[in-house]
Amino acid sequence: MPLIPFPNVPQSPGVPAVLRDLTIPSVSELANLGLGALTALVFGVPRWGLYDQDGQPVVQFDTFLGIRFRDGSRISSFPVEQGTFSSFNKVDTPYDAALRFAHSGDMASRAALLDKLKELKSSVALFSVVTPEKSYPFANVVAYAYERSPRTGPSQLIVELYVEEVRQTAVADFGATAEPDGANEQSNGQVQTFPLGSEPGEPLILSTEFQ
């Protein structure tokens with residue numbers, strides 16, 4: 001049985017347009033859908049958001065809306081003669097990022113989300129900003145903001161989470177130094193103890209009672 005052809009709808013004022021592309025996908029659209037499903041099957045579903053050290057999401061949300069990431073440097077300058085400046089160094093600065101997501105639900109779930117955001121703002125825990133291409137560790141939540149508007153609906157929260165990188169401070173160790181006088185003090189033998197006030201070379205203090 002031959003297929004029934006689409007009617008020839010003229011493009012005239014008052015005649016609605018027939019959206020054929022939405023009812024019957026093209027070959028290229030079917031290929032893209034198949035490629036996306038195959039990629040998700042092989043590599044997994046792309047992850048977005050803030051995750052803890054165990055790989056678990058820190059904040060539960062419905063839709064991830066976007067991320068704004070900034071990683072910069074700072075050039076050190078100092079004034080010289082005749083009102084000019086000279087630059088002598090370039091220092092890498094910690095990154096900062098803003099994550100934007102949406103959450104819809106009842107009043108209890110929205111209140112739980114806001115309590116979680118406040119807890120994260122006061123916490124000193126470190127997390128990882130995860131994107132499909134790259135992950136950025138050692139991130140701490142420094143601020144958050146949310147909005148509700150008639151355009152998105154009264155039951156939906158649009159949240160922005162601000163994080164900054166925390167640089168790990170190195171601990172200096174002078175155990176192996178080139179010069180002996182730069183090493184830490186070590187006790188490798190017997191130590192002789194003296195009563196207080198009777199150390200070698202110190203005068204012995206005797207107690208005197210006044211009548």
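Which residues do ring pairs link into a cluster? Before I answer, let me say that what we are looking at is a predicted model, and that I will come back to the rings after a short tour of the chain.

The protein chain has 3 helices and 8 strands, and if you follow these elements from the N terminus on, they run α-α-β-β-β-β-β-α-β-β-β. Of its 211 residues, 15% count as buried, while the accessible surface of the chain comes to about 17000 Å², with carbon and sulfur atoms supplying 57% of that area. If we take the contacts between residues at least 6 apart in sequence, 54% of them join residues that are at least 24 apart.

Now to the rings. The structure holds 7 aromatic pairs, and the cluster I asked about at the start is made of Trp48, Phe61, Phe64 and Phe101, which are linked by ring pairs. Another ring, that of Tyr51, has the charged end of Arg47 sitting over it, at 4.4 Å from the ring centre.

Trp48 deserves a second mention, since together with Ile67 and Phe69 it makes a nonpolar surface patch of about 230 Å². Ile67, for its part, belongs to strand 2, which covers residues 63-70. Is Ile67 buried or exposed? The careful reply is that it is partly exposed, because its relative accessible area is 31%, and the range for that label lies between 20% and 50%.

Let me turn next to strand 5, which covers residues 96-104 and includes His103, and in which Ala102 also lies. Why do we call both of these residues buried? Ala102 has a relative accessibility of 4% and His103 has one of 10%, and each counts as buried because the label applies under 20%.

What, then, surrounds Ala102, once its neighbours within four places in sequence are left aside? Ala102 is in contact with Phe61, Asp62, Thr63, Leu65, Gln156, Leu157 and Ile158. For one of these partners, Gln156, we can add that its C-alpha atom is separated from that of Ala102 by 6.8 Å, although the two residues are 54 apart along the chain.

His103, again not counting residues up to four places away in sequence, touches Gln60, Phe61, Asp62, Ser109, Arg110, Leu113, Ser155, Gln156 and Leu157. If you read the two lists side by side, you will find Phe61, Asp62, Gln156 and Leu157 in both, and Phe61 is also a member of the aromatic cluster with which I began.

Methods
Residues are numbered from 1 along each chain as its sequence is written. This is a predicted model: local features need pLDDT of at least 70, side-chain atom pairs count only at pLDDT 80 or more; totals for chains, interfaces and linings use all residues. Side-chain values use heavy atoms; hydrogens and water are left out. Rings of Phe, Tyr and Trp (its six-membered ring) pair if their centres lie within 6.5 Å; planes under 30 degrees apart count as stacked, over 60 as edge-to-face and the rest as tilted. A charge sits over a ring if NZ of Lys or CZ of Arg is within 6 Å of the ring centre and within 35 degrees of the ring normal. Patches are made of residues with over 30% relative accessible area and no salt bridge: like charges are joined within 9 Å, nonpolar side chains (Val, Leu, Ile, Met, Phe, Trp, Tyr) within 5 Å. Accessible areas come from the Shrake-Rupley method with a 1.4 Å probe; for residues, only the protein chains shown count as cover. A salt bridge is a side-chain nitrogen of Lys or Arg within 4 Å of a carboxyl oxygen of Asp or Glu. Helices (H or I, at least four residues) and strands (E, at least two) are DSSP runs, numbered from the N terminus. Buried means under 20% relative accessible area, exposed over 50%, partly exposed in between (1.4 Å probe, protein chains only). Contact means heavy atoms within 4.5 Å.
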